[in-house]
Amino acid sequence: MPELPEVEVVRRGLQDHVVGRTVERAVLTGARVARRHGAGPADLAARVAGSRVRAVDRRGKYLWLVLDPPHDDPQALVVHLGMSGQLLVEPPDAPREKHLHAAFDFADDGPQLRFVDQRTFGGLALAGLAPDRHGPRAYGIPEPVLHIAPDPLEPAFDRAATVRRVRAKDTELKRVLLDQTVVSGVGNIYADEALWRAGVHGRRRGAALTGPTIGRVLDHAADVMREALGQGGTSFDALYVNVNGASGYFDRSLAAYGQAGRPCPRCGTAIVREEFMNRSSHFCPRCQPRPRVRRPG
DNA sequence: CTACTGACCTGTTTGC
DNA sequence: TGCAAACAGGTCAGTA
């Protein structure tokens, strides 16, 4: 599932393959892929045509192409991969994918950029760029991304401020880690891994934890995502791939996520899976003791 | 305002 | 064998 490391792998691929090129034509299939673009898919396609790709930027799991339209200010083509979205760079005559939702042709007649998404939780939108309130940024932040907090791997990330925000939350720590307005880029996989590394149970409440403990969890989240990025990301199947269609290898390094019943790499106790927020949580019952007091609900 | 839930999707796996 | 249910989960609209 694309979380920060996987999205960053895609961003780097796009940086290598589309920056400096000019979009000649965009074809969007169906309305759903552009549901976050108010004016609809035809408008998006029309307004992208003729634009030069100046840069590819990212915050958390959001990715955007900074576009230079011929006679207008720069704008952003915002892409979210959702759970199963892929951005692929392929020859224009490559076979059409079953779940192809958008294709971008370039004026140089080189490889196409395609958006493929089996479940269509992801999508595309065109938006204006605004200054980032968290710090200087070359091209600013797209309006639909302004509510997303900095991720732990970017310079604007304020560790102390994030610790304070987590402590101010009257809710469980894992829920806060997944809240993209507090810290972005962390999804279910890296939340479980960070909590395991820190030896903290995700059901402990932010307000009940010490600042140093929360800081440790955040540091582990940054570490594990950095390591995953070094391995090309995590993937369990062909759903997550880089722009060339290749998978990452970090799934071989997971200690907790998806490891139910397997021994904890630190103490040997069997990893437990339980339902949390209508998803799965994985933890070591010995290294990550449950909170002793649980509130009702 | 905050905390929390359900809906959106579809291919694959599991269970009867 | 066949069908249904469970599962994967990021985001946001809507509710309390």
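Reader: What makes the His99 side chain and DNA strand B a polar contact in this model?
Author: It's a predicted model, to be clear. In it, an N or O atom of the His99 side chain is 2.9 Å from a phosphate oxygen of DNA strand B. The cut-off for such a pair is 3.5 Å, so His99 makes a polar contact.

Reader: How do you know that Arg32 and Arg175 belong in that category too?
Author: Same test for each. For Arg32, a side-chain N or O atom is 2.5 Å from a phosphate oxygen of DNA strand B. For Arg175, a polar side-chain atom lies 3.0 Å from a phosphate oxygen of that strand. Both values fall within 3.5 Å, so both pairs count as polar contacts.

Reader: Which residues are around DNA strand B?
Author: The list is Arg32, Lys98, His99, Gln118, Arg119, Phe121, Lys169, Asp170, Thr171, Arg175 and Asn278. As for the strand's own atoms within 4 Å of the protein, sugar and phosphate account for 70% of them.

Reader: What makes up the surface near DNA strand B, by class?
Author: Six charged residues, four polar and one nonpolar. Phe121 is on the list, and Phe counts as nonpolar, so that's where the nonpolar one comes from.

Reader: And DNA strand C, which residues are closest there?
Author: His80, Met83, Phe121, Tyr257 and Arg279, out of 18 that surround DNA strand C. By class the surface splits into five nonpolar, seven polar and six charged residues. Sugar or phosphate makes up 61% of the strand atoms within 4 Å of the protein, with bases supplying the rest.

Reader: What does the side chain of Arg279 reach on DNA strand C?
Author: A base nitrogen, with a polar side-chain atom of Arg279 2.2 Å away. His80 and Ser280 go to phosphate oxygens of DNA strand C instead: the His80 distance is 2.3 Å, and the Ser280 one is 2.9 Å. Each is within 3.5 Å, so these are polar contacts as well.

Reader: Why is the charged end of Arg21 said to sit over the ring of Phe106?
Author: The Arg21 charge is 4.0 Å from the ring centre of Phe106. The distance limit is 6 Å, and the charge must also be within 35 degrees of the ring normal, so the label means both conditions are met. Arg266 does likewise over the ring of Trp196, at 4.1 Å from the centre.

Reader: How many aromatic pairs are there?
Author: Zero. Ring centres would have to lie within 6.5 Å to pair, so no rings get a stacked, tilted or edge-to-face label.

Reader: Where are the domains of chain A?
Author: Domain 1 runs over 4–145 and domain 2 over 159–283, with 28 Å between their C-alpha centres. Separately, an unreviewed UniProt entry annotates residues 255–289 as "FPG-type". That span is 0% helix and 29% strand, and its end C-alpha atoms lie 16 Å apart.

Terms used. Residues are numbered from 1 along each chain as its sequence is written. Chains are lettered from A and ligands numbered from 1 in the order in which they are written. This is a predicted model: local features need pLDDT of at least 70, side-chain atom pairs count only at pLDDT 80 or more; totals for chains, interfaces and linings use all residues. Side-chain values use heavy atoms; hydrogens and water are left out. Domain bounds come from an automatic or database domain assignment. A residue is near a molecule or strand if one of its heavy atoms lies within 4 Å of it. A polar contact is a pair of N or O atoms within 3.5 Å; within protein, one must be able to donate a hydrogen and the other to accept it, and residues adjacent in sequence count only if both atoms are side-chain atoms. Rings of Phe, Tyr and Trp (its six-membered ring) pair if their centres lie within 6.5 Å; planes under 30 degrees apart count as stacked, over 60 as edge-to-face and the rest as tilted. UniProt positions are given in the numbering used here, feature names are shortened, and annotations may be inferred rather than shown by experiment. Helices (H or I, at least four residues) and strands (E, at least two) are DSSP runs, numbered from the N terminus.
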